[in-house]
Amino acid sequence: MSRIHVTTTVNGDTVEFLADPRETLLDCLRDHVGLTGSKEGCGTGDCGACSVRLDGTLVCSCLVLGVEAQGRTVETIEGMATGGELHPLQRKFIEHAALQCGFCTPGILVAAKALLEKNANPTDTEIRYWLAGNLCRCTGYDKIIRAVQDAAAEMRGAA
Amino acid sequence: MPKDELKAEFRLVGTRPNRPDGLDKVTGRARYGADATLPGMLWGAVVRSPHAHAKIVKIDASKALALDGVKAVVTRADLPTGLTGEDWNLQENTLAGEKALYDGHAVAAVAATSRLLAEEAARLVEVTYEVLPHVIDVDDAIRPDAPVIREGAADASVPPGMPPNVVRYLDFGRGDIDAGFAAADLVREQTYKTEATHQGYIEPHACVGQLGADGKGEMWVCTQGQWYIRKMCSAVLGLEAAQLRVTPSEIGGGFGGKTTIFMEPLSLALSRKAGGRPVKIVMSRSEVLRATGPTASASMDVKIGMKKDGTITAGRAEFRMQGGAFPGSPVAEGLYCAFAPYAIPALQHIGYDVLANRPKCAAYRAPGSPMGAFAVESLIDEMCRELGLDPMAVRLKNAVREGDTASYGATFGSIGLIETLEATAAHPNLAVPLGPNQGRGIASGFWFNHAGETSVTLAIGEDGTATVSVGTPDIGGSRASIALMTAETLGIRYEDVRVNIVETGALGVNEPTHGSRATFASGKAAVIAAEAAIREMCNRAAAEWGIEPEAVEWVQGAAQPAGPNAGKFPPMSIAEIASKMGGTGGPISGHHESVPDGFGASFGAHVVDVEVDPETGRTTVLRYLVVQDAGRAIHPAYVEGQYQGGAAQGIGWALNEEYIYGKDGRLQNTVFLDYRIPVASDLPPIDTVIVEVPNPGHPYGVRGVGETGITPPLPAIANAIHAATGVRLRHLPMTPPKILAAMKTKG
Amino acid sequence: MVAVNLWSSLARFTDGARVVEVQAATIAEALQALVALHPGLEPILKGGVSVVVNGEVMPNRHATIAPDAEIFLLQALKGG
Ligand code: FES
Ligand code: FES
């Protein structure tokens, strides 16, 4: 199948790649753009390890075709720290030991950031339902919820 | 000893610093199995059997090979012959020979220039099957007239005359079992079943393998044990171990499932056929569920005798487990663990390892123990109710202590079951009042723990920092705990230690990170290696000062004269000694390798409160408490993490997870939507209490903590559901329809 | 003499004995002596057993054992 030229913005940089029309955005990010921070845990939209923002909307990049990124803006885990500064969520995840193997972590961080932009003061239950599409098999979620709450508190304080 | 007293002795052990690999893992930089790309790399895809049991009549790959960009096809004919025992099992599981033994069994593999092309080529490989009768359920598989999966698979432990799919048998016990039951006031016997579940690590198996015609190879792979990969791939492909260099990637969870091989030898075999170009294979989630190594399913008869005061007089367990189409279900481990928390004078255990047309099981967190605990801990709870006894008091009354002979024959050293149960009984969660349709359940759990082959090297850097090379991949923070113990021993900052997980060429053979051993065994070896480096640094200082090495001691990261008679010299810091080492005798390092002894056994107790919706039968976990003996928690946050993660997996196993097969023998739930593991909104906070009864077999008192936590949830939740509803479920998972049906029957 | 305790289905290889006494200074010697007395046990021991000596699981076959040691054989253990 002939490949399609795609121009898109990833984490603020213009990137170009050739995509097979069957390839997902996740495949393209990982295999063509060289950004392997987004993970594939299922490929069917069930695990959230591939979570990215597409024009600001939280999506499973395994359910988006690479060619759909044409002319749009993609944000991935690699763009979350700005100017060498970790995002408070990233810092709090380390501090609270909210990751064990760390495979779910990029997707959860991207999803949690989207939540805190919508709702700066979520309840535990709101966090749990928001992250219900992000599977973690290692932690039992307890420390993840605490880390998100702590980051949210810090961000509210800073704002 | 109270925890505070213990902690006061340490500078770093017991603190919660940031993990050394944290930054890489929150920024997406950490490289996992699927994240490597090599020049000239091809992609591999696997052709899998759609049948549970079928003769392979013919494999025709001509259409696949005709595609532009397809570089190699591998079938069993490309692998060496003449293997025996477990090596043969591994090879047969890697690629089917005469028969496909389960839905998803690999039959052929292809390599091509892109992932999509490889997948397309795999679809074009034509396999002609002759479908055979299959058997899935363990109780069906053990029938004398069941379809025979493999003639001659039984080992010498199986007495003559057993059904054909029984491949291993064991029985053991002690005391007079009849007298034991005769001495009881109440004797009850029940049958329990658990279904197969999957470890459910979020990272699918992935590797890049490269193998030349000269037999030299390289592999990048997500694994719990790079040496196991080396050994098994070498055996399956007939390679020399030393010629295969295996580098472990970061690993996205394993829980026992990444202690063996699946598609790894295929990437090497494809690479060899494709002129030595590296071949990457990444499994899909469906492949992971259909064709990696879930746990066994079990059918278990348990009989217990109890006196009116709660004393257990006798126990009998007969377990049947299927671990797929190969020997290896954890039936022995399940039996050894089943009664381990109890001091019982008369015991009898019987176990059958049974073949069925399912994938070859792999280890899953405390293999066998959750099943055994589900049966025994459920029945004890049932009998406590019948006799009107407090289940916690009965557990305390019968609990094993140091010096007791375990149900499986060993003698317990220092163990913390009593302390664990006492801490559980004292926890505020037990005082929370329960509402209607709510119930509370408790259960204990046990795991042996494990030491295993271990080799560690520590090297002092020119600036007095330290590099530790270990062979146990870091799945849940073991770099942090090993760095803490090393820094504590050397008397330097935690940040001045770097722990590297190294490839197979860099150390002696290490067993995987399994059996709850990484912090115990690699940690112990790192401490001993650090002590060796300290001795050498004391020698260097002694030579500088012109005094005897015995007159030098190591205090707070520096050599100093031991006592006034040794001479008056200011302390010589590690940095100073290190900066001069090139001119004082060369590099300073420490090394230790052994199979460490003294791993301490692990006990835990869980308490769960549930609410069962009488309309739908749905169970909500309201509160969850894990109490477990850690010996000593080096990094308490990661100990808590192990407790919480084990509990969450156990909750999934109890309530929801199971392998569901259709009448055709095909797995029905091959994606996460259908094989549903607990999500964040399914779970409450998971409270933890770390009990510390130090393990004298470890320099800092560590005992492994990884596995025990998955064991108690199965019975604890069954006991809680009984308390909430009055119905007893003896067949996992306890799904809403099952609970509803049981409630209806009860009326 | 060192007492080696077998799980009960092994008794069919030992003329019914559940405990076999052997003269041995190491675990390896004890296992060799066991096979010399009861050759039917060889495939079982080769298949992998865990050896418990006076209550401790001992992975090192060359470990020395006391003349009156008590050995239990278990089917080999594995972990996750
Ligand atoms: S990989 Fe996209 S949701 Fe799992
Ligand atoms: S930390 Fe391993 S899956 Fe979440």
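Tutor: In this predicted model, a network of salt bridges links Asp137(B), Asp139(B), Lys193(B), Asp301(B), Arg316(B), Glu318(B) and Arg320(B). Over all chains, the structure holds 61 salt bridges.

Student: Why is the contact between Asp145(B) and Arg143(B) called a salt bridge?

Tutor: The closest N and O atoms of Asp145(B) and Arg143(B) are 3.3 Å apart. The cut-off is within 4 Å, so the pair qualifies.

Student: What makes Asp145(B) exposed?

Tutor: Asp145(B) has 57% relative accessibility. Exposed means over 50%, so the label fits.

Student: And why is Arg143(B) called partly exposed?

Tutor: Its relative accessible area is 44%. Partly exposed lies between the 20% and 50% limits, so Arg143(B) belongs there.

Student: How do you know that Glu250(B) and Arg479(B) form a salt bridge?

Tutor: Their N to O distance is 2.7 Å. That is within 4 Å, so the pair counts. The two residues sit 229 residues apart in the chain. Glu250(B) lies in the loop between strand E11 and helix H9, Arg479(B) in helix H15.

Student: Why are Glu250(B) and Arg479(B) called buried?

Tutor: Glu250(B) has a relative accessible area of 17%, and Arg479(B) has 10% relative accessibility. Buried means under 20%, so both qualify.

Student: What makes Glu382(B) and Arg728(B) a salt bridge?

Tutor: The N to O distance is 3.8 Å. The limit is 4 Å, so the pair passes. Glu382(B) is in helix H12, and Arg728(B) is in the loop between helix H19 and helix H20, 346 residues apart.

Student: Are these two buried or exposed?

Tutor: Both Glu382(B) and Arg728(B) are buried.

Terms used:
Residues numbered from 1 in each chain as written. Chains lettered and ligands numbered in written order. Predicted model: local features only at pLDDT ≥ 70, side-chain atom pairs only at ≥ 80, totals over all residues. Heavy atoms only, no water. Salt bridge = Lys/Arg side-chain N within 4 Å of Asp/Glu carboxyl O. Buried < 20%, exposed > 50% of the residue type's maximum accessible area, 1.4 Å probe, protein only. Helix = DSSP H or I, 4+ residues; strand = E, 2+ residues; numbered from the N terminus.
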